[in-house]
Structures are given as structure tokens and as C-alpha cells.
Amino acid sequence: MTQTVAVTIAVNGQSITRTAGAHLTLLRWLRDAADITDPKYGCGEGVCGACTVLVDGEPTASCLVLAAQVDGAAVTTAAGLTRADGSLNPLQQEFHAHHAAQCGFCTPGMLMAATAMLADGRTRTRAQIREDLHGNLCRCTGYGPIVDAVEAAQERARDSSAAHHGPAGNGSARNGSARDGDAR
Amino acid sequence: MFIRPFRFERAERLADACELLRQHGEDAKIIAGGQSLMPMINLGLVQPDVVIDISRAVGERDLTSADGYLRAGALVTHARLAADPLVRQAQPLLSTAASRIGNARVRSRGTLGGSLAHSDPAAELPVVMMALGASYELTDGRGTREVRAEDFHVTFLTTALEPDEVVLSVRLPVLGPGWGWSFLEVSRRHGDFAIASVAALVRLAGGVVVESRVAAGGVSGRAVRLADVETGLTGAAPDQIGERVGELQGIQPLSDAAASDTYRAHLARVLVTRALTEASQRSAVAA
Amino acid sequence: MTADVRGSATLAGSGIRTSKEDELRIVRQPLARADQAEKIAGSTRYAGDLAFTGMLHARLVRAPLPSARIVRRDATDAFAVPGVVCVLFGEDVPHNVVWVDVPGQTVAVAALKASMEVLATNRIRFHGEPVALVVAETEDALAEACDLVEVDYEDLPGVYGLDEALADGAPAVHEQGNLLGEWRIDTGDVTAAFDGADVVVSGSYETQFVDHAYLEPEAGVGWIDDDGVLTLRVATQVVEHYRDVARILGVAESKVRVIAPYVGGGFGGKEDMTVEPYLALAVMRTRRPVRMQWTRQESLLARPKRHRMRLRYSTAARRDGTIVGQDIDITADSGAYAYLSALVLLYSSVHACGPYRVDNVRLRARCAYTNNPPTSAFRGFGGMQVVFGYESQIDLLAREIGISPEEIRKRNALVRGDVLPVGQEILTEVQLSQTIDAVTGRAGPLPSPSGPRKAVGRGIASNIQSYGRLVWLNDSAAAWVGFQLDGSLSVRCGVPDIGGGQASSLAQIASEVLGVPMAAITVHFGDSALTPLAGTTTATRQLLMSGNAAYEASVLLRDGVFGAVAAELGCPAEGLSLDGDQVTGGPVAVSLREALMICRRRNVPIEALGTFFGPKGMPVVRDLHAERVFPDFTFGTHLCDVEVDLDTGQVELLCYLAAHDVGRAINPLSVHGQISGAAAQGLGMALLEEVVVADGVNLTGGFFQYLIPASTDLPEIESIVLESGEGMGPFGARGIGEPPIGPPAAAVASAIQDAIGARPTVLPITPEHVLDCLRASGRAGSPG
């Protein structure tokens, strides 16, 4: 008989417990057990990046990790970037402004890859943005508008950081759930 | 999506994983970062009965340096190998190769031990280990043994691990004074498994090569150290490296959808020359 | 249709529409699309995202070999798996056949009537052909049960090569033989043209099997709704497949409904049915909601691909570069079933001479059945493979004669009034030369090579691509536009939105005509029961078809409101205008709400249905000659800079420019998106992508092997939009969804030739192929 396990994950700040098959990937657990469908299934191989989420702040292919492995973790999906009132966060706003989504299927994963990338506060060139997003495939845009959006979001974070901290500010706007090193 | 159900066991320590492996036999698989195992499970290429999770096991997450050697625990992630100041300083060949693995997701979850135990001939880390003459500490939970990289990697997805053994740590020499290094790889699409990859180390003295180490990945069932090339290089000036590197000996490239055997062999030879040249340039700067 | 609205005019009878940009207020604005916010917020529910309580799951068992006979099927063990609800074979399908010439989808061409089974009962013709449908309570049960469906096969000889398939005595894939379709063009006197030519260049070119590789694999959910209607919510480009489903089930068309939510990419791959018949069978058998999601690997294995083609060209020209004759032979691999192959090949034939005037043409085009994966619609639809042929030829010619690639193209460029070899006259303005000037003017100097063993080069490629469906298909689209009492606006149209902004464009068109702000317009789309049918989102037709329908509905609605206001106030309707809040004209000014109340009091509808009928023409026969085949065409030119590594054969794309005349850019964001996205897809085909098939066995097992370009594989792609203000779509728009996928492969090949002196002729252009070219040109170095 299929072994089931109770797994508790804080998804976008809300603790969710589901008892489901022990063999479920985090992606299936989110989509089928918890009805959180913004992480998408695109390949099951870890290649396309449509299922990218943050697990304790780290970018993760949710199709390549078992839900049971991350019991107790904090998971952020693209829907978790959206504010409670439905409005978009600055990165999402730049995606919107730059027409960075067409069919939109890669978008949730792309947003999470970009969020993970921007979390270190480093300023990247366009080439470096492309480099750090190469694990997320898009079939519609040709990537230019996505790079535009991420570049603009980076600019915005730097401006607001400079405004808040002055020139000495470290520019880091880390996601709240980010963790250091291998604390686990 | 359509995975045959399996049992899930969590090992608190790596030693416990070995006990679980003995309990469940060959239908059990170890999972750490899952970056190699999970694609195979999702594609139905592996159908384990039991999956033993070591991703939260205690220990083997340390990086230490002593007596000219770097020791890395099996559960150290690629991201950490790439970014840790100790690795970057002590063995930049390793940190650079780790930074080229897959993408940010693979690096954040994938582990050193997992990559070595998977033993893909096109993967970055085994090539580096072969070039460096690294050795791996293995355990069956009751004791440990040390195996050299070239004895560990047998052939495609096959290692010297006994059915109840796991990789505990890796021991490799730190970059010695005057050495230069290089890691080069080519894939059809950026970030994919390489068609061919090369790790090289060169030490120049008096403007000529006095010592070198070079290994190639993707051109045999396992990463291979190219001893003939190393021997033939001694006494060469950096600009003579190209003419000293002949047809590569001891490689057995395969043809597949990504490349033919002849192209792999050709590409490996080009990359060997380029990597040795780059390494010698770094050596010249270091000296 | 001769209504003249501000900013848009129709030239009587021709179907050509024009507009002046300074008279447009909403059209041409780069407005964020209505679909964007929800997609970016992560809240859009795609076809596979919907779940019902008590929902079942369905999965197909597919043949593991390419050519075989089924000798035994046994579902006993599979059915015994706990949770399995049913296992269906072909005998369980009421009408186990999918016809290729289903009315409303395609018509019989070249006397073609072809069919395939929904579930194979006897003959297996390709690796991955569906044999059984398993339905279970859980996906886990499916995983187990599908492995336990026992099917025994007897291997049969298959045919896998084009020449092999068409040779005498080849094993027949279908009883009627392996020649599926054939087209010919004979125009002018080709023999005389070649005899009298100063220069003749010849070449043979090969294109590969390509997968659409949309990020969203095929998926859908089906249920029987409260009205008793079988309802399928699926990722599709064609909600009209409800008719095919009804035919398979043997029920009335009114008892089946297909809903297309936002689709995660189509590119032609969701034009034929995917999950629809299987979901329908599972729902009807179980009377419960069912979900079917194909895995990526299943999608790569079994969905139809882009046609592999072999193109042979001989081109005759005068010393000054004027092309005087083309002799063309095209062979295409149709794979195991007909699907849309005959029409794809027709597109290849009509577009085969490119955007150039050629008076003497001989064309022979054939497509052959093989036991390879089936091939069907894919962005560019046969009109794009031939670009690799004709643009390679014109570059060879330019080199042979010693004039520039720009000059030879301009010298031969079609102009309005020219007649294509098939017989169709070009009715609208052709801005081909302007697109050439646009890319060459925009490109900076070619950079220097980055190292001693590197070479750089530049190439350009132009193309012509039709928009709108074949003129004998009686194409039509309908759209409904209605005011709400608060002055907001609802648009209902059956258009499926596959990511190109198809729905949002309708809002922008209605907003232009009615002055209602975009934020106050909602578009309901893609429902075969509740939205007026608009036809397929294929063939670059939706802006032309549903766009014109929405335009006409908006004009009807506006004129109705004006008529009511004029009657109420006793003023002439002609001088009235509507800005979304107010109806004004001379001394008249009433609020929109008041105007709507006037309509209601006077029994004037505040809604309108617009139906647009595409241009009509006679069907073609095998020997092609027609006054009209397509409504119209879009033209463009791309420019590409590459750097080639002379030792490894690697090609790096340095710069990419793409210019097209889009007539009128309804939403420039969507237009730029279509151009850069299609260019990217074309570049993937040029350098990376191939579905590898060996003796019928599909070896491409996943996304780790099917290489669609990542962000680092592509350069910055700059799209340049020209607006002639003239086309067949609303406000003079031309279709732009497909055209930009044509030039990239040829542009890259030209740039490589410029860099290394030899031209790649086989796609994809792998590093190995480049090394072969280098050897041919004597520029291959030693590995050192």
C-alpha cells in the first residue's frame, strides 16, 4: 500500500499540513494536495524551471525534491510575491510594465528565479542577468523583455536602497525567508 | 507525474543510511539534493522501492583545509563549493567547476557526494577530481575506507561503492605555489551536460612546463586522466602546447544525439590545448 | 463593408483596410494587456490547474515501436489495480476515427480523405501511437496500471526515409500508398529561362523535425455540466474541435462544449486535437470529472512535429541579378498520418519563390507517408522551411554575380501588382525594401573577431508569409460587443488566446471605435457554447478575422447608439462622436449612460454581433493556378551577426535585428513580442533543436535532449516595426504571429557563410556541421 506522510510546509507564510503519498514531489504536493497551482509542471527533469519555488529562500526545482524532504520548510511561490490586496510587488510590476509574459506559463518560475537572483543585492549587467536566468526556459518572448524587467527591478531596488540607507547601504532587499549557508 | 509509489525513509546520520541500505537491498536509493535521482525517477528510468533521504543528515557539511589538503563533506552543496572563500582560495579549479554546474537551482540543492556517486562522465566534479588526484572517504556505517577518484569512477553511472556504502567526504590537494589551472567545457546549450570538458593544472618553471595534470569528461564512460598528454608536455613553452597535444589516447567517445564520437574526440583535443594554455598563463602570473 | 470610421477606411470591394496613425487614439498604444496582471500574479488557471472533487485521472498507453500489428490486448491485470475505473480500447470508441477533412477545419484537397483511429485496434504506424486509455482514481494507480496493460505486437517492415518511402515497392504505410500529397506549379517557360540565363546556381537544403515545445504540455479537464453537456476545458487553439468530439462520440454537436482558458503556448501544436477525444471518452464512460495531463516526454514522443523537408533549388538569373527562373523540388516527411500535411505542403509551394518576382517557375512538391512521428501545423506552416531554400539561393546568386545581399533582394523584390507564380496578384503595398533598409541602417559595424581562431560574419534574410486562411475555406469569425448600463463594455468572442494577446487586441479595437477606456472593457473568450465562434487561432488569422468581427460589431453598436440619440434629440447622426463618457456633436452632448437609457426607451439594442467573412476564392487542384490562395501577405527582413569558433565550430549570435511591415500595430507590445519570440524560435531551429528519430524510433526523451534556446543562447533581439497602414485586418493591420519565424535559419546560415566562406545547408547548424563547412572552405585548423 502506498505510504503516506504528513508534511507541514509554510507556503507563502501560511502553514499547510497535508497527508499524502511519501513519493510526492514538492510540485505535486503543492499542486495536487494543497491546490497551489502557480508552480507549473513543464518537464519533470529540472530543465525548464517552470516549477521553480524558493525553499527557505533557495531557488529550487519543486519537481526534483520530495515534499517529505522539506517538511517544516518555508516555501515561496510566485503567488506569494503578490501582496495581500492583490497588487503586484516591484519585480512583478516591472514584468507587467515590460510585457515580460506572453503565454505566462514560464512566468511564475521565472519570477522566482529572478527573486532568488536579486536577493543577493549584487548589481548585474544584462549579460549577467541572462547568465543567472538561463535555467528558466521561455518559448514566447525571446527573453529580452524578461531581462528588461529584471534590470528595471534591480534598478528600483538600488534606488530605494540608496534612498533608505544612503550611498553606504548594501542594497540588499533579501526575501524574508532567506537563510544563510547550510544552517540546516 | 506518474511515479510508481515508494517508501520514504529519513536517515539522521549517514551511518544510518548504510543500515537502511542493508535493510532494503538494491531497490533502495539514496537521495540528497535529488538533482540526479529525481529526473531519473520522474522519467521512469529508476523505480526504487525505498528512497533514503540524507539531505538532513547530521554532519559532513564542513570545508576544512590542513596539511596541503582540502577536505569537503559529502553534503556540501555545489553553490557552497562555488562561493566559499576557502575553496576559492585553496582550489579555484574546484570552485570554478562547481560554479558551472547546471543552474542556480541545481547548485543550491545538489551535493558534492551526490554528484560523485552518480558518476556521470559528463559532469563537472568527477573531471576535476580526476585531474587533482582526489580521494574519497566512503563508509558502510561501521568503518570507512579511502578510494582514489580513478578507482572510484568505474564507468557510466557505475562506481566502486558497495551496495551499503555512501560517500562521506572528499580529500584533494590545495593549489600549490606556482600552479595555474583551467576548467573548460562545451555543451550544445549553455548549462547542459558537456559534450566535452577539461580540467587542467600546469606549473611552469623557467618558462617551460615542469608539471601538469589534465583530465577530460564526456569522452569516455568516465572522466579520464590524460597521462600521455601530461608526459608529452614536460619542457614545453606555453606557445608550444598546441603542437605537443596529439590525438588523445585512452578515450572512448560515444556517438549520441548531442555529438558524434569523432566530434567529441576533436573537441576534447581542442579543449585540452586551450585549458593547458590557459593554465600555463595563470601559472606564469602566479610565478 | 464600407463603413468609414475615424482612422479606418476600406477600399471598396478589395478587403483592403487602411488607417492614418494621427487619427488613432487607442490603437498603436503600447498598453499592458489585460491578461498580464493575473499571469504575473500567479493566479491564472491554465487547463491543467483546474481540479474537481472526485475527479478521475486518465492516461494513454502508447505503442513502443514504429511499425507493427497488434496481435493481442489484455487489460485484466491493469483493471485489477486498486483504483482503476476502466481501460478502453479502440472497440470502446463509438466512432473510432478522426477525419482529416472535417468540415470547418480543413477541406478535401487533392482528393485527399485520410483518417486515423482514436485508439489503434490493428495497425501501429508510429512510435507513440495511442492504443489504450486507462482511467483511475489517482495518478499513482495510473502509473501502475498503464504498465500492466498487455499489448503484443508483431513487427512489420516500416519506411523511414523520404526516397525510400516514395520508391517502387516500398512497404505501404497506408493502403493507398505512400504519396500523400503532390502539388505542381508551371508558370512561364522555365527551360527557355534557364537556357537564356547568364548565371544558374543550385543547392539542396534539409530541414529537421522540430517540436513546438510550448512550456505547457497538453492538458485538460472534462465533466458533464448541469445542462447535460459534455464540457472540456482544454489547452487548445481550436474550440471548434467540439464538432470532432461529437462525431467520435456519436452525439449532437450541441451536446459538446469546449472551453479554451489562457493557453500556455500553441505555435500550431495545439491546432490538431490533443487530449480532447480521450477526455471525452473517459467522461462519457465514467460520468465523472476527468483530468488528463500529458508529460513532457509524452508530448515530445507523440505530438506531430514540424515537417522535415528536402528542398532542391536551381535559380537562373541575368548578369544584373534579376532572377528569371526557379526550378524547385520539395519533398516533405508527413510521418505516419496525414493531419494537415497536404496543406502544409501547399503553403510551401505557394511561398517557394519568396518575396521575389519570378516569371518562370517549375515546382514539384510531394509529401510522403513514413513510419516517423506525424507532422502537422507549426508556426510558419510550410511557408517557413522554404525560406531556408530561397534565401540560400539568392545569397549564392549575389556571391556569384558579385553584388550585395541587400541589392539583389531589392532588385527582385515584389511590388504591388506583381503576380506570384501561383497566379495571385499582390494587392497591398509591399515594403520589403524598407525592411531591408531598416535592419541594415540600424545595425552597427560588424565587430572584430574576439580572438585569433574566431571569425565574424553578417547575414540577412527576407521572407513573405501569408496571413489568414486559404480563401476557399469559407472562413468567418463572429464577435459580440455590448454596453453594460454603467457604460462599461463586454466583448464576447470565441477566439482562443494562446499567449499572443488575441483577446486583449479585441478590447483595444473596441476601445478605439467606442472610446470606452481599456480598463472598462472585459473580453470573454474561447468558449464554444457561450461566445460567438471565431474560428481557429492559427494561420495568423485571428487579428484579421476576429479583429475585423470585433471592429464591425463595435461600429454597428456605435451607429445604433448614434441613431437613437439623433432620433431622440432631432439632430443628424453623422456628426456625433463617442469618447466613452459622452456622446457629442455640435450642440449635442449627452452622457453615455443617458444615451444608453435613450436606446432602451427606443428599443435600440445596446449590443451588436459582428460577423466577418474572409476573402473568397476557388479551391485549387494539384496543378496550381489560382487568382487567389491567401487573403494577403506580410513581408520582413532579418539581420544577424555571428562569431564562429574555427576550432570547435561553435556559433555565437552577436546581434539580431528583425523588421516587418505589420500594416498597423494594434498593440505594439504584442507586435514586438510576436516578432522577437518568433525570431527566437527560429534561431532555436537554426542552431539547436531537432527531434532525433532513428528508424522510426523517437530518441528525444526529454527537455534535456530537446534543446530550446535559453537566455544565454540568444542575443538581444531587436524588433523593428514598420507600418504601411495598409492590410486586410482592422485599421490596416497585417498578421504577424507566424511571419517572423521564417528568416532566422537563413540569416544565420548567411552570416556563417560570410564568416567562413562556406554555407551550412542542413538544419540544425550544429558545431559539427560548421566544422564540415570549414573543411570544405579550407579554413579548418588543426585542433592545436
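This report walks through the domains of chain C in a predicted model, and two of the places where parts touch.

## The domains of chain C

Let's start with the layout. The domain assignment divides chain C into domain 1 (10-30 + 476-613), domain 2 (47-156 + 218-293) and domain 3 (309-470 + 619-776).

Domain 1 and domain 3 of chain C are worth a look together: their C-alpha centres are 37 Å apart.

## Where domain 1 meets domain 3

Within chain C, 27 residues of domain 1 are in contact with 29 residues of domain 3. On the domain 1 side, at least two residues each come from strand 2 (17-18), helix 13 (502-514) and helix 14 (542-569) of chain C. Which of these elements gives the most? Helix 14 of chain C does, with five residues.

You may also like to know the make-up of this side. Domain 1 of chain C turns nine nonpolar, 13 polar and five charged residues towards its contact with domain 3 of chain C.

## Where chain C meets chain A

Now let's move from domains to chains. Here 44 residues of chain C are in contact with 43 residues of chain A. Helix 1 (36-41) and helix 16 (668-687) of chain C each provide at least two residues of the chain C side. Helix 16 of chain C has the largest share of that side, with seven residues.

How many nonpolar, polar and charged residues does the side of chain C that touches chain A have? By class, there are 21 nonpolar, 16 polar and seven charged residues.

Conventions. Residues numbered from 1 in each chain as written. Chains lettered and ligands numbered in written order. Predicted model: local features only at pLDDT ≥ 70, side-chain atom pairs only at ≥ 80, totals over all residues. Domains from an automatic or database assignment. Contact = placed C-beta atoms within 7 Å. Helix = DSSP H or I, 4+ residues; strand = E, 2+ residues; numbered from the N terminus. Nonpolar A, V, L, I, M, F, W, Y, C, P; charged D, E, K, R; others polar.
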